Amino acid sequence: MFTLTTLVRDAALKLRILVPGPPGAMDEPVAWVHNTELPDPSEYVRERELVLTNGLWAGRTTPAAFVSGVRRANAAGIVFGLRAAVPRTPRGLVAACAEAGLPLLEISAEVPFTAVSEAVAAMYADRRQETLIGMVHRGDALATAISRGAGASGVLDVLRRDHDLPLAVVDRMGRPLAAAGADLDAGQLAAVAAGLTRRPPALEADLGAAGPAALFPVGAVGEDDAALVCLRPLTALDRAEREALEQAARFLSLEVARRQAVQAIEMRFADELLEMVLSGARRAGEVPDRLRAFGVDPGGPLAVCAVAFAGAEAATLDGLAETAGEFLAAEGVPAVVTGGTQDVVVVLSWRRPEGDLVPLAERLTGAVGGRFPGRRPVAGVGGIAAHAAGLRGPLVRARDACRVLRRTRGGPAVRAFAELGTHRLLLGTADPRTLRAFSRDLLAPLREHDARRGGDLEPTLRAFLDHDGQWAVTAAALHVHVNTLRNRLAKVAELTGRDVVRTEDRVDLFLALAADALE
């Protein structure tokens, strides 16, 4: 756009300011020029256009009415063209513009209105050329930054050379990839991530005290994987700023795609480590070099932890492995993190006491829970291997412990393999459908009886087994007479065909109740 001031500075147009309008009006952007002699041009003049007129409407309307129509259209001002019949701008028009606060310019009779149109077109062409040249130069700078490995931060640095804007790059998991002049807290990062996951993606995100922020989606592989965030409302950005931000977002897509490709390669490289460890002696010789590639000392003590989400939903989600890796990097623990559909496995250097492993895993599940609200992360700890050759045992134990925790309702989120009872490990590795059928068939008669009679057979059985089959202790815990306890358990035997006095029957009942605590 141009301004009235830039037009007046063009000596060839011979423009004279009669009414400058309110302060700053001469420097407001003008959209275009519009030549009209209509008595009321309000329906045809666009907002911020400059009205050119010779006053041929005089006699059909008054200057005040004409100015009112121009004002109603929110035009930028009026240029009155002198002619032989009207050598001076009518005083009524000057007075009406002054009263309305509308800029009024006068153009000599020697200069046709086409000269104004041509001058404006030339200004637009020059401005567009400058914009295109700027985009080319900025594109070269962005391409150079990307090719030299400057990453997302380099892209923001290039942007801020021309536009002093607070900027950040945030991925769809709410992780900051780069920032320049913007410091987003956890809530603001989450708001950006939520905007990205909407369909279609949001153009703005409400950042609370920081107000609305403009979002420019960054696509990498078929979807919006990140956003270029500008801590300004979209409406507060001018055209040049929006074009620059959109251009930068396109270059950022290259950087995000590169990062994803690197992560995919690293993840595949890490996944192969598990195959090597589980293959035993056949590929044992490859394990040390693979650990060294991730900065993990294969000759020192190594620990293994498996992480997943409990419940019937997916055991893992996109971003779980990255979250675990970021947490361990922040803790300063060299580690290899592998992602799969059933769990995420972490192999880490560990020269601290073994008892410190569970607290570390608890902090890890806390970090994962913060990144994935509404999910319940669990972690199984498999113990420590003296060196790389002994990794297979801790790996298997960590995954088994994690599998048990996934299928257990409630309880601790982190357990070491050694803390799990043998029966829990056996149940955790059994086929879930078989377990459900076994538990349902055995306990169904008790539950039907309790539901019909309002009885306490199942709670009584649980209390008896919890107190290791001690009659007096169980009766005291239930606040009933021992004979009442014997009568209830006799009814249990009648309904289930399992007598709590017999060891094998007691084991069946115990396992049925334990399996019921699983999913």
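How far is the sulfur of Cys305 from the closest cysteine sulfur, and which residue holds that sulfur? The distance is 7.6 Å and the other sulfur belongs to Cys402, which is too far for a bond. The structure is a predicted model. This briefing covers its cysteines, two open sheets, the helices that lie on them, and two nonpolar cores.

**Cysteines**

- The structure holds zero disulfides.
- A disulfide needs two cysteine sulfur atoms within 2.5 Å, and the 7.6 Å between the sulfurs of Cys305 and Cys402 is too far for a bond.
- Cys305 counts as buried because its relative accessible area is 7%.
- Cys97 also counts as buried, because its relative accessibility is 0%.

**The sheet of strands 1 to 5**

- Five strands form an open sheet in the order 1-5-4-3-2, and the pairing in this sheet is mixed.
- Strand 1 and strand 2 (residues 32-35) are the edge strands, and each of them pairs on one side only.
- From one strand to the next, the twist averages 25 degrees.
- Strand 1 (residues 15-19) is antiparallel to strand 5, and four bridges join the two.
- Within this pair, Leu15 has Ile107 of strand 5 as its bridge partner.
- Strand 4 (residues 77-81) runs parallel to strand 5, and this pair is also joined by four bridges.
- Val79 is bridged to Leu105 in strand 5, and Gly81 is bridged to Ile107 in strand 5.
- The path from strand 4 to strand 5 goes through helix 3 (residues 91-100), and this β-α-β crossover is right-handed.

**The two faces of strand 5**

- In a regular strand, side chains alternate between the two faces of the sheet.
- In strand 5 (residues 104-107), Leu104 and Glu106 are on one side, while Leu105 and Ile107 are on the other.
- Are these four residues buried or exposed? All of them are buried, and both faces of the strand are covered.

**Helices on the sheet of strands 1 to 5**

- Helix 2 (residues 63-72) lies across strand 3 (residues 49-53) and strand 4, and runs at about 135 degrees to strand 4.
- Helix 3 lies across strand 1, strand 4 and strand 5, and its angle to strand 1 is about 65 degrees.

**The sheet of strands 11 to 15**

- Another open sheet has five strands in the order 12-13-11-14-15, again with mixed pairing.
- Its edge strands, strand 12 and strand 15, each pair on one side only.
- Neighbouring strands in this sheet are turned against each other by 20 degrees on average, with direction ignored.
- Three bridges link strand 14 to strand 15 in the parallel sense, and Gly380 stands opposite Arg415 in strand 15.
- Helix 9 packs on this sheet and touches strand 11, strand 12 and strand 13, with a direction at about 170 degrees to that of strand 12.
- Helix 10 lies across strand 11, strand 13, strand 14 and strand 15, and runs at about 150 degrees to strand 14.

**Nonpolar cores**

- In soluble globular proteins, nonpolar side chains tend to be buried together.
- Which residues have the most contacts inside the largest nonpolar core? They are Leu328, Val337, Leu348 and Val381, in a core of 27 residues.
- Elements that give two or more residues to this core are strand 11 (302-309), helix 9 (320-331), strand 12 (335-339), strand 13 (344-349), helix 10 (357-371), strand 14 (377-385) and strand 15 (414-416).
- Helix 10 contributes the most, with six residues.
- Leaving out residues up to four places away in sequence, the contacts of Val337 include Met267, Ala270, Ala321, Ala324, Gly325, Leu328, Val344, Val345 and Val346.
- Another core, of 25 residues, lies apart from the largest one, and its members include Val287, Ala310, Val347 and Leu405.

**Arg403**

- Arg403 is part of helix 11 (residues 392-406).
- Arg403 counts as partly exposed because its relative accessibility is 34%, and the partly exposed range runs between 20% and 50%.
- Arg403 and Val378 are separated by 25 residues in sequence, and their C-alpha atoms are 9.1 Å apart in space.

Methods:
Residues numbered from 1 in each chain as written. Predicted model: local features only at pLDDT ≥ 70, side-chain atom pairs only at ≥ 80, totals over all residues. Heavy atoms only, no water. Buried < 20%, exposed > 50% of the residue type's maximum accessible area, 1.4 Å probe, protein only. Pairing = 2+ DSSP bridges. Right-handed = clockwise from strand over helix to strand, strands pointing away. Core = buried A, V, L, I, M, F, W, Y, C linked by side-chain atoms within 4.5 Å. Contact = heavy atoms within 4.5 Å. Axes fitted to C-alpha atoms, helices over the stretch in contact; angles between N-to-C directions.
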